[in-house]
Amino acid sequence: MACRISELVIDAADADRLAAFWSEVLGYVELGREDDGSIEIGPPDAGFGGPQPTLVFSPTNDPRTGKLRLHIDVNATDRDQDAELERLLALGAKPVDVGQTGTESWHVLADPEGNEFCLLRTRLKPL
C-alpha cells in the first residue's frame, strides 16, 4: 500500500489571484471555498481524489522568508515549450534567476506572488 498526493496547500497573500493564475496555467477550475478564505482548484472532470492533485490556496499575512523548499514543475500538453513560455508570461509569470547557467532545458519562473516553478521541455500527453 502507498500514499498519493491528493492536494498541495500553498500559503497566499491573495488567494483569489493565485487561484485564478494557477487555474489558467493548469486548466483547472475552482472546486470550493472555505470560511477561512481558502480556495481549492482542480481538474474540471475529476476534482479532489482524481489522478492529479488539487491545489489549495490558504490566505496568510505572514511574509515569505527565504527560498521555497518545494516548487512545482509543469509541462505543456498541447504546444512546444517556447509557445507555452509565451503563454505563461502573458498570464503574469515572471522569469527568475536562481543561479541557472543558461544551458538548462527548463525555464525558472515565478507566479504573481513570487513562488518559483519550472517549465520543463518535454511535452506530456493530456490526461
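Buried residues account for 32% of the 127 residues in this protein, and I should state at once that the model is a predicted one. The surface that the protein exposes comes to about 8,300 Å², and carbon and sulfur atoms supply 51% of that area.

Let me turn to the overall fold. The protein contains 2 helices and 8 strands, and along the sequence they follow the pattern β-α-β-β-β-β-α-β-β-β. The radius of gyration is 15 Å, which agrees with the value near 14 Å that a compact globule of 127 residues would have. Along the principal axes, the C-alpha atoms fill a box of roughly 45 × 35 × 35 Å. Of the contacts between residues at least 6 apart in sequence, 55% join residues at least 24 apart.

As to charge, the protein carries 12 positive and 23 negative charges, and the mean positions of the two sets are 7 Å apart.

I shall now consider one residue, aspartate 111. Where does aspartate 111 sit? Its place is in the loop between strand S7, residues 107-110, and strand S8, residues 116-120. Is aspartate 111 buried or exposed? Its relative accessibility is 5%, so aspartate 111 counts as buried, the cut-off being under 20%.

Which residues surround it? Beyond its neighbours within four places in sequence, aspartate 111 is in contact with Leu18, Phe21, Trp22 and Phe117. Phenylalanine 21 is 90 residues away in sequence, yet the C-alpha atoms of the pair are 7.6 Å apart in space. With tryptophan 22, the aspartate 111 side chain forms a side-chain polar contact at 3.0 Å. A polar atom of that same aspartate 111 side chain also lies 2.9 Å from the backbone nitrogen of glutamate 113.

Methods
Residues numbered from 1 in each chain as written. Predicted model: local features only at pLDDT ≥ 70, side-chain atom pairs only at ≥ 80, totals over all residues. Heavy atoms only, no water. Helix = DSSP H or I, 4+ residues; strand = E, 2+ residues; numbered from the N terminus. Rg over C-alpha atoms; globule rule 2.2 N^0.38 Å. Buried < 20%, exposed > 50% of the residue type's maximum accessible area, 1.4 Å probe, protein only. Contact = heavy atoms within 4.5 Å. Areas by Shrake-Rupley, 256 points an atom, 1.4 Å probe, with all protein chains shown as cover. Lys, Arg positive; Asp, Glu negative; His and termini not counted. Charge placed at Lys NZ, Arg CZ, Asp CG, Glu CD. Polar contact = N/O pair within 3.5 Å; in protein donor to acceptor, adjacent residues only side chain to side chain.
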